[in-house]
Amino acid sequence: MNLLGKLLKLIFKKIIFKYKIIILCGVIIAILFFNWTTIISIIENSANYLYGPDAENKGKLLIIILTIVGGLGALWGLFLNNKKVNELVRQNDIAIQNSNDKRFGEAIGYLNSDNEGIAIGGIYALYQLAKEDSRYAPIITNIFYSYVNNNKHKEVTVQTIITLFFSENNPFISDKELIFKDLSLKNLKMYCTISKIKFVTCSFDSVDLSGECSVSFYECSMKHSLIYDFKDITMIKGKYIKINICNLETCDIQVTVDEFVKSTL
């Protein structure tokens, strides 16, 4: 019985929602019908007050009333249309999120494939998803970061991730320091968007490295490379040959290295 009552209540609510305009019109008509004499009297008095005892005063007042009613009707129509548009947008957002959730699951499967080509396809799919859906940007950042540090033997896929991870206008974000170890970086132009990055025992050859954040190097080797636009630069141990560090007027730099040959600060 309780279930039947809930069902009837739900049906009743849907009927009211669907026919609320008809019900509203019915209420207005009922009010007009039972108060017709009073309404006519108010109209006549208002017409005489606004336009005097003119024979056409009622017609002029009626035009004003119809204009007001028409304007209210137009506003109501805009309200209903805006409500409909918002609902369509909401449904579209839900559909996009569901689609992105499916894309994410599929891309993770590709990334974990033993087939190198499929894994690279998964990398690009995740990168594109991070650019399109900000919900996934920090998640994919952590996935790529973990993959790079745990799959050094997969050189091609790791290099693909590094290229995308440090590409210009990349979507990657993280609120923690990311530490990259034992990477071999050559002939790259790298943009660091993460707030704090540390390279440990990495090698750099002909690399342009820039970013408006903090970067540190520990026991790294670097040659023929350029470092610029960073807020903080820390170099501890390692060998640095023919490197150029720019924008020192806005950068806090600390250098304690083993070799610093033919390099400029």
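Colleague: Is C202 buried or exposed?

Modeller: C202 is buried, at a relative accessible area of 2%. Buried stands for under 20% relative accessible area, exposed for over 50%, and partly exposed for in between, with a 1.4 Å probe and protein chains only.

Colleague: What should I know about the model itself?

Modeller: This is a predicted model, where local features need pLDDT of at least 70, side-chain atom pairs count only at pLDDT 80 or more, and totals for chains, interfaces and linings use all residues. Residues are numbered from 1 along each chain as its sequence is written, and side-chain values use heavy atoms, leaving out hydrogens and water.

Colleague: Thanks! How many disulfides does the whole structure have?

Modeller: Zero, with a disulfide being a pair of cysteine sulfur atoms within 2.5 Å. For C202, the closest cysteine sulfur is in C220, 4.9 Å away, so that is too far for a bond.

Colleague: And which cysteine sulfur is nearest to that of C213?

Modeller: That of C192, at 5.2 Å, and C213 is in no disulfide. C213 is buried, with 4% relative accessibility.

Colleague: New topic: where is T141?

Modeller: T141 is in helix 6, residues 137-150. Helices are DSSP runs of H or I with at least four residues, numbered from the N terminus.

Colleague: What does T141 touch?

Modeller: Leaving aside residues up to four places away in sequence, T141 touches F165, F172, I173, S174, L178 and I194; contact means heavy atoms within 4.5 Å. T141 is buried, with a relative accessible area of 0%.

Colleague: Which other residues of helix 6 are buried?

Modeller: Alongside T141, the buried ones are A137, I140, F144, Y145, Y147 and V148. The buried residues cover an arc of only 165° around the axis, so they sit on the same side of helix 6; the arc is taken from the directions from the helix axis to the C-beta atoms.

Conventions:
Helix = DSSP H or I, 4+ residues; strand = E, 2+ residues; numbered from the N terminus.
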